[in-house]
Structure formats: structure tokens, C-alpha cells
Amino acid sequence: VWAWGINNYGQLGDGTTTQRLTPVPVTGLTDVIAVACGFFQSLALKSDGSVWGWGYNGVGQLGDGTSINKSSPVQVSNLTDAVAIAAGYSHSLALKADGSMWAWGDNSYGQLGDGTTTQRLSPVCVSDLTSVTAVASGYMISMALRSDGTVWSWGINNYGQLGDGTTSN
């Protein structure tokens, strides 16, 4: 994995906070099959199903059990068998091989889907959602595609982002 650009929170993962105008390798990552970027955090999914994060971590979006920024990749705590990842503005998501969806970080608008608005420093299972085949995330919103073709969304809804015909969260 290679990264470049602004690096004020270590989001390039090269062990520094130095801006890079050309690509630099992310420290210590091999066998990466997917990457995702949020506002100031980055995620990588490795072929062994582990998820790694680096960059801004003020609300736990790196999932390592802390809220301390990291300029090199750290493994997301208590998460195995991931097959897909997504990074939102200040929260992160993972889909596991069993079809369950996991979330961590900011939860101000319920975007973690655990029935609360409590910030989570490590992954929690999205409540009452099974058979997920794809995940997506944006600004304070999370989405899931289920194997039956239905799309589910939760989080902020001030402009109708959830697609349910309302503007309430």
C-alpha cells in the first residue's frame, strides 16, 4: 500500500506526520486486498481477514481500543474474518465472512447501528442485521446490501440520506 498527500494525523501510515508529494509505502503492511479512506483515517484489509487502521483516531475510528492518533498501522481489536471494509467521516465498518457487519468510532447519529449514540473505540456488531454482502459509508451514515437485494441505511438523515422518505434520524 502506498499513500501521499497531507499527513497531519499520520493518515499516510509511514510513521510520520510529514506531508508527501509523491507516494510512500505504508509501514509494515503486506498481503493487503482492500483499502478504505475516511476523513483523516485509513483502513486496510489483509488476506487473513484482519483489518488495520492508521491516522486520526479522536473518536476511535481506528478500532484499536484507544482514541490516540497512529502514524503507523494498528490492528483493529477483536475483529477476524473480515471480507470488506468501509471508512466514513469519523467511523469505520467491516463485513465478516459470516454476513455480520461491525462498526466502530463516532456514533453521534447512530451510524454504528448498535441502537445507541455511544462512541465505540473497538468494533460492535450492527444490531439485527444478517446476510450482509456489501458495506458502504459516508458522512455520518452507514449502508448495507443484504443477500436478498435489500439496502439498509442508518445514521444522519437531515437531507434524506437514508432514502426512507423522511429527514429524521
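# Reading a predicted model, term by term

Author: This structure holds zero disulfides. The model is a predicted one.

Reader: What makes a disulfide here?

Author: Two cysteine sulfur atoms must lie within 2.5 Å of each other. Zero pairs are counted as disulfides in this structure.

Reader: Why is Cys 37 called exposed?

Author: Its relative accessible area is 56%. Exposed means over 50%, so Cys 37 qualifies.

Reader: And Cys 125, is that residue buried, partly exposed or exposed?

Author: Cys 125 has a relative accessible area of 33%. Buried means under 20% and exposed means over 50%, so Cys 125 falls in between and is called partly exposed.

Reader: What makes Tyr 9 and Phe 40 an aromatic pair?

Author: Their ring centres are 4.8 Å apart. The limit is 6.5 Å, so the two rings pair. The structure holds five aromatic pairs.

Reader: Why is the pair of Tyr 9 and Phe 40 called tilted?

Author: The planes make an angle of 55°. Under 30 degrees would be stacked and over 60 would be edge-to-face, so 55° is tilted.

Reader: How do you know that this pair links distant parts of the chain?

Author: Tyr 9 and Phe 40 are 31 residues apart. Tyr 9 sits in the loop between strand E1 (2–5) and strand E2 (20–25). Phe 40 sits in the loop between strand E3 (32–37) and strand E4 (41–46).

Reader: What kind of aromatic pair do Phe 39 and Phe 40 form?

Author: Their planes stand at 65°, with 4.3 Å from centre to centre. An angle over 60 degrees counts as edge-to-face, so that is the name for this pair. Phe 39 and Phe 40 also belong to one aromatic cluster, together with Tyr 9, Tyr 56, Tyr 89 and Tyr 139.

Reader: Why are Tyr 9 and Phe 39 each called partly exposed?

Author: Tyr 9 has a relative accessible area of 27%. Phe 39 has 47%. Partly exposed runs between the 20% and 50% cut-offs, so both residues get that label.

Reader: Now the sheets. Which strands stand at the edges of the sheet E7-E8-E9-E10?

Author: They are strand E7 (82–87) and strand E10 (120–125). Each has a single partner strand, so one side of each lacks a neighbour in the sheet. The sheet is open, and its four strands pair in the antiparallel sense. From one strand to the next, the twist averages 20°.

Reader: How do you know that E8 and E9 pair?

Author: Five bridges join strand E8 (residues 91–96) to strand E9 (residues 101–105). At least two are needed, so these strands pair. Leu 93 stands opposite Ala 103 in E9. The hairpin of E8 and E9 has four residues between the strands, and Gly 99 takes a positive phi near 85° there.

Reader: What joins E7 to E8?

Author: A hairpin does, through three residues. E7 and E8 pair in the antiparallel sense over five bridges. In this pairing, Ala 87 stands opposite Ser 92 in E8.

Reader: What makes E8 mostly covered?

Author: Six of its six residues are buried. On one side are His 91, Leu 93 and Leu 95. On the other are Ser 92, Ala 94 and Lys 96. In a regular strand, side chains alternate between the two faces of the sheet.

Reader: In what order do the strands of the three-strand sheet lie?

Author: The order is E11-E12-E13, in an open sheet with antiparallel pairing. Strand E11 (132–138) and strand E13 (151–155) are the edge strands, each pairing on one side only. Neighbouring strands of this sheet are turned by 15° on average, direction ignored. Strand E12 (residues 141–146) is joined to E13 by five bridges. Leu 145 stands opposite Val 151 in E13.

Reader: Why is Asn 157 called buried?

Author: Asn 157 has a relative accessible area of 0%. Buried means under 20%, so the label fits. This residue lies in the segment after E13.

Reader: What makes a polar contact between the side chains of Asn 157 and Asp 164?

Author: The distance is 3.4 Å. The limit is 3.5 Å, so the distance passes. The side chain of Asn 157 also reaches the backbone nitrogen of Gln 161 at 3.0 Å. Leaving aside neighbours within four places in sequence, the residues in contact with Asn 157 include Leu 162, Gly 163 and Thr 166.

Terms used
Residues numbered from 1 in each chain as written. Predicted model: local features only at pLDDT ≥ 70, side-chain atom pairs only at ≥ 80, totals over all residues. Heavy atoms only, no water. Axes fitted to C-alpha atoms, helices over the stretch in contact; angles between N-to-C directions. Phe/Tyr/Trp six-rings, centres within 6.5 Å; stacked < 30°, edge-to-face > 60°. Buried < 20%, exposed > 50% of the residue type's maximum accessible area, 1.4 Å probe, protein only. Polar contact = N/O pair within 3.5 Å; in protein donor to acceptor, adjacent residues only side chain to side chain. Contact = heavy atoms within 4.5 Å.
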